[in-house]
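Visitor: Could you take me for a close look at one loop residue, and then walk me on from there through the rest of the structure? I'd like to hear about the backbone, the packing and how far to trust what I see.

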Amino acid sequence: MSRHSQIRMLLYEYLTDDISDSDRTLVDEHVASCAKCREEIEELRAAIASVPRPQTQPSEAQTPEYWREFLFRVEQEIQQQSSQKPERASIFDELVGFVTFHKVPVAAVAGGLAVLALALILWRTEPLPNKTPMMAERAETQKPQHSSGGQVASPEVTQASARMGDYFRRSRMLLVGITNMRVDEDDPVDLGAERKVSRDLIHEARYLKQQPMDERSAKLVGDMEKILIELANMKEHGNAPNIDIIRSGIHQENLLFKIRMAESLYDTSRFQTAGYRNPEK
Amino acid sequence: MQAANEQHLILRVKEGSHDAFRVLTERYMKQAYNIAYSFVHDHTDAEDIAQEAFVRIYQSIRSFRGEAGFGTWMYRIVMNLALNRSKQRKNMAARHVELDEQTVGHLPANNEQMETDLKGHIERALHELPTLQRAVVILRHMNGLSTKQVSSILNCSEGTVKTHLFRGLKKMRVSMEYLRDELA
């Protein structure tokens, strides 16, 4: 590379003061005796000045609530797209991903892949072992009679799932309301409606805990119960510090995110609800 | 330390951890939004692009090898989405300059009007550049990414980045002088 080219490569950093001392000296010494490079510097200096960098970033115009919503929409979109993918394809993806990521020699696993794939397929068609023995026994007693050979959800299981989805939806609405509530230090807030909803949800949770559900949902119902009891026991007119305690609990346990994920799994529109009556209506 | 922490996060995302993906998204979402906005100059589009980028990142995280950093990979995805969106809106040059309500919420004083005009001129001048020069000016000059990182994003040499930067800035100067004269 010629000296001119070498100096040229440094000019932008030189003009924006983003250059090392040694490189700055190099440029200074060269341009002192090179009219062409002096001209180049002036041309670039004028170009940089005519295109000022933004004083603030566009993201600074958005509120913290905007970014929480941004995160939620990303998570929601991922969840929706994941629920549309066929299960069989994901097993293959997992195998390919595992082999590729860990750089396992192809020759070493070629023979084992077929056996592994067969084992995985057989394993995935067995019921997932994520229920307690009591739940598994209940699920077993609730298993429907197969008439046509295909699996059909019993009306009781469908109703429980619908109520689970409803529980999560109502919990989310309650927690969003608490999170967004405006509270003044000196002005107590009327929490009558929130206390009533909390008591309803506690009552509903007692029913849901008797139903078969996955471990994650069971834990979430348990975590929610703590917040709901706290809320139900608050005075009719709550003050800022008490509401902040509730909000802190919601935030620490990441409850809103977990509830949204659980809610989308128990979307009531997917179920036949001929026999289900919403207790609110 | 940050790089090691990030590698650990990525590994957990590959294992299916939503929490880890949430941390990564929180770390990079504003930068993604800023880059997208630099290309499309529209808040709604920038939001769509940034969100779409993270969805795609999640879906293809298993193919991420880590040869370039996660940030580089993310910027590349955002940039490609933004360039596609720009192509779809080819009438940008014919657009009227719009007041940005978030920064100018009242009747503008003289200096605010000038700032809005300048913003519009920059936008138009950028869109007159060839794609590669535009990308380099946006990433290197407007967003302050290093030459090395821009070269990784664009998959070209650092020398090429600098050449495109010089040419892009000089062309923009000419365009903006023309716009100022024509629209004054």
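**From one loop outward**

Guide: Gladly! Asp17(A) is found in the loop between α2 and α3 (21-31) of chain A. Please keep in mind as we go that this is a predicted model. The backbone of Asp17(A) deserves a look, since phi is near 60 degrees there, a positive value in a residue other than glycine. Most residues other than glycine have a negative phi. Asp17(A) counts as exposed because its relative accessibility is 60%. You can set Asn155(B) beside that, where phi is again near 60 degrees and positive in a non-glycine residue. Asn155(B) belongs to the loop between α7 (147-154) and α8 (158-183) of chain B, and with a relative accessible area of 70% it is exposed.

How far can you lean on chain A? Its pLDDT averages 75, with 64% of the residues scoring at least 70. Confidence in this chain is highest in helix α2 (residues 11-15), at a mean of 94, and lowest in helix α8 (residues 133-141), at 47. Over residues 128-139 of chain A pLDDT stays under 50, and the model has eleven contacts for that stretch beyond four places in sequence. Residues 141-151 of chain A also stay under 50, with seven such contacts. Where pLDDT is low, the predicted coordinates should not be read in detail.

Back to the side chains, beginning with charges over rings. Arg24(A) lies over the face of Tyr14(A), 5.0 Å from the ring centre. Between the chains, Arg22(B) places its charged end over the ring of Phe257(A), at 5.1 Å from the centre. The two chains bury about 4100 Å² between them, and 63% of this is on carbon and sulfur atoms. Three residues, Tyr12(A), Val51(A) and Phe70(A), supply 14% of the area that chain A buries against chain B, more than any other three. In total, 39 residues from chain A and 41 residues from chain B take part in the contact.

Phe70(A) turns up again in an aromatic cluster, together with Tyr66(A), Trp67(A), Tyr33(B) and Phe54(B). Over all chains there are twelve aromatic pairs. One of them joins Tyr167(A) and Phe168(A), edge-to-face because the planes meet at 65 degrees, with the ring centres 5.5 Å apart. Both of these residues are buried. Phe64(B) and Trp73(B) make a stacked pair instead, 4.6 Å from centre to centre and 20 degrees between the planes, and each of the two is buried.

Phe54(B) leads us on to the largest nonpolar core, which has 76 residues; Phe54(B), Phe39(B) and Phe70(B) touch the most other members. Helix α2 (residues 18-40) of chain B gives this core its largest share, twelve residues. Apart from it lies another core of 30 residues, including Met181(A), Leu228(A), Ile259(A) and Ala262(A). Beyond four places in sequence, Phe70(B) touches Glu6(B), Ile10(B), Leu24(B), Tyr28(B), Ile57(B), Ile61(B) and Phe64(B).

One last stop is Ser86(B), in helix α4 (residues 70-88) of chain B. Its relative accessibility is 9%, so Ser86(B) counts as buried. Leaving out neighbours within four places in sequence, Ser86(B) contacts Phe39(B), Val40(B), His127(B) and Arg134(B).

Methods: Residues are numbered from 1 along each chain as its sequence is written. Chains are lettered from A and ligands numbered from 1 in the order in which they are written. This is a predicted model: local features need pLDDT of at least 70, side-chain atom pairs count only at pLDDT 80 or more; totals for chains, interfaces and linings use all residues. Side-chain values use heavy atoms; hydrogens and water are left out. A nonpolar core is a set of buried Ala, Val, Leu, Ile, Met, Phe, Trp, Tyr and Cys residues joined through side-chain atoms within 4.5 Å. Buried means under 20% relative accessible area, exposed over 50%, partly exposed in between (1.4 Å probe, protein chains only). Helices (H or I, at least four residues) and strands (E, at least two) are DSSP runs, numbered from the N terminus. Contact means heavy atoms within 4.5 Å. pLDDT is the predictor's confidence in each residue, from 0 to 100. Rings of Phe, Tyr and Trp (its six-membered ring) pair if their centres lie within 6.5 Å; planes under 30 degrees apart count as stacked, over 60 as edge-to-face and the rest as tilted. A charge sits over a ring if NZ of Lys or CZ of Arg is within 6 Å of the ring centre and within 35 degrees of the ring normal. Buried area is the accessible area (1.4 Å probe) that two parts lose on being put together, summed over both.
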